[in-house]
Amino acid sequence: MFYAIDVSKWQGAINWATVKNAGIHHAMIRAGYGNSIAQLDPQFKRNVANCELHGVAWGCYWYSYATSPAEARQEARCCLQIIQGLHPGMPVAYDIEYEPCILALDNATRTAMVKAFLEEVEAAGYYGILYASTNFIQTKLNWQELSCYDVWCAQYGTACTCPLPYGIWKYSSRNALGIPGYGQSLDCNRVYKDYPAILQKAGLNGFTAPDLSPAPDASTRKQMLTIGPLIMRDALAIQQLCSDLGLTGQGLYTSDWVDADKLLQTQTIGPVSSGDAWYVMRKCDQLQLCAQGLYHSDYV
């Protein structure tokens, strides 16, 4: 686990050397809000430059005022335009909160907006994540439809009861990390995934995936995935994803029992493109299989 702060113009000109010296190596930075790049956060560029100068892995979030999926896509395009050419080591977040224009919508529309923004971000090659409070997720979204996405959840206190798997938990707004200069007013987060490693391995957020073995043309290389041993529930979840990706129909998915009682199985998937491998890896990450060392990938 890591700790992170999240910041915007409201924190002013942050002394990132002080942040790093306090042992904080991760941050989420507001890129902007609304449907125009003119609404760039005035501290964004400075924050990014100083994070990179001091070795703080940064991601960004875009505060939404959208009232339709089309407007959410436009907000995503604004965010992507602002971070073009940059290499965030943390996710790109859709920040949806209790704005009156958003509360006037129904759950189905708000859920469609989340999907629209994150689909746009992922299509551009970035790791998208939903930011919302536990209450918002439980009461303002059809959260069961969003289980394929990572979550950055806000819930102040000693426990998080978010119904979706979450990679980041904002647990305090009162500078629980004790960073000098901010008194009792600074958002603090627990980060449960090594996002910089995940992004670099997958070749997301502008990073180039490591070339683990020579090949004449890296763009045409495929991957063989081995996953397991898995319990039935996890195996079925990955099998369904492979079916949705069309891999089972192409004969690129196989499964073998590893015990006589047929309780555990190992899955072999491939050879598949890096794009398909990324979707499988994301599902394995959500199921906590990567952390358990049950996901393996080899270039072929």
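Me: Where does Asn 175 lie, between which strands?
Reply: In this predicted model, Asn 175 has a phi near 55°, a positive value in a residue other than glycine. Asn 175 is buried, because its relative accessible area is 7% and the cut-off for buried is under 20%. Its place is in the loop between strand 7 (168-172) and strand 8 (187-191).

Me: What is the phi of Lys 262?
Reply: Lys 262 lies in the loop between strand 10 and strand 11. Lys 262 is not a glycine, yet its phi is positive, at about 55°.

Me: Is Leu 264 buried, partly exposed or exposed?
Reply: Leu 264 is in the loop between strand 10 (253-257) and strand 11 (265-272). The relative accessibility of Leu 264 is 30%, and the class between 20% and 50% is partly exposed. Leu 264 therefore counts as partly exposed.

Me: How much accessible area does the nonpolar surface patch with Leu 264 have together?
Reply: The patch is formed by Ile 231, Val 258, Leu 263 and Leu 264. Together these residues have an accessible area of about 320 Å².

Me: Which residue precedes Pro 229 at a cis peptide bond?
Reply: Pro 229 lies in strand 9 (residues 223-230). The peptide bond leading to Pro 229 has omega near 5° and is cis. The residue before the bond is Gly 228.

Me: What is omega for the peptide bond from Gly 270 to Pro 271?
Reply: Pro 271 has its place in strand 11. The bond from Gly 270 to Pro 271 is cis, with omega near 0°.

Me: Which residue forms a salt bridge with Lys 170?
Reply: Lys 170 is in strand 7 and its partner is in strand 1 (residues 2-7), 164 residues apart. Lys 170 is buried, with a relative accessible area of 5%, and the partner counts as buried at 3%. The closest N and O atoms are 3.2 Å apart, and the partner is Asp 6.

Me: How many residues apart in sequence are the parts tied together by Lys 115 and Glu 145?
Reply: The side chains of Lys 115 and Glu 145 meet in a salt bridge of 2.9 Å, N to O. Lys 115 lies in helix 5 and Glu 145 in the loop between helix 6 (134-140) and strand 6, so the pair ties together parts that are 30 residues apart.

Me: Which residue of the salt bridge between Asp 234 and Arg 233 is exposed?
Reply: The two side chains meet at 3.4 Å, N to O. Asp 234 counts as buried because its relative accessibility is 7%. At 63%, the residue that counts as exposed is Arg 233.

Me: What type of aromatic pair do Tyr 127 and Tyr 195 form?
Reply: Twelve aromatic pairs are counted. The ring centres of Tyr 127 and Tyr 195 are 5.5 Å apart. Their planes stand at 80°, and the cut-off for this class is over 60 degrees, so the pair is edge-to-face.

Me: In which helix is Tyr 195, the partner of Tyr 127?
Reply: Tyr 127 and Tyr 195 are both buried. Their pair links distant parts of the chain, 68 residues apart. Tyr 127 is in the loop between helix 5 (107-123) and strand 5 (128-133), whereas Tyr 195 is in helix 7 (residues 195-202).

Me: In which strand is Trp 152, the partner of Tyr 131?
Reply: Tyr 131 and Trp 152 form an edge-to-face pair, 4.5 Å centre to centre with 65° between the planes. Both residues are buried. Tyr 131 is in strand 5, and Trp 152, 21 residues apart from Tyr 131, is in strand 6 (residues 150-154).

Me: Which residue has its charged end over the ring of Tyr 171?
Reply: Tyr 171 is linked by ring pairs into a cluster with Tyr 3 and Trp 169. The charged end over the ring of Tyr 171 is 4.1 Å from its centre and belongs to Arg 190.

Me: Is Gln 286 buried or exposed?
Reply: Gln 286 lies in helix 9 (residues 274-286). Beyond its sequence neighbours up to four places away, Gln 286 touches Ser 147, Cys 148, Tyr 149 and Asp 150. Its relative accessible area is 13%, so Gln 286 is buried.

How values were computed:
Residues are numbered from 1 along each chain as its sequence is written. This is a predicted model: local features need pLDDT of at least 70, side-chain atom pairs count only at pLDDT 80 or more; totals for chains, interfaces and linings use all residues. Side-chain values use heavy atoms; hydrogens and water are left out. Helices (H or I, at least four residues) and strands (E, at least two) are DSSP runs, numbered from the N terminus. Buried means under 20% relative accessible area, exposed over 50%, partly exposed in between (1.4 Å probe, protein chains only). Contact means heavy atoms within 4.5 Å. Patches are made of residues with over 30% relative accessible area and no salt bridge: like charges are joined within 9 Å, nonpolar side chains (Val, Leu, Ile, Met, Phe, Trp, Tyr) within 5 Å. Accessible areas come from the Shrake-Rupley method with a 1.4 Å probe; for residues, only the protein chains shown count as cover. A salt bridge is a side-chain nitrogen of Lys or Arg within 4 Å of a carboxyl oxygen of Asp or Glu. Rings of Phe, Tyr and Trp (its six-membered ring) pair if their centres lie within 6.5 Å; planes under 30 degrees apart count as stacked, over 60 as edge-to-face and the rest as tilted. A charge sits over a ring if NZ of Lys or CZ of Arg is within 6 Å of the ring centre and within 35 degrees of the ring normal.
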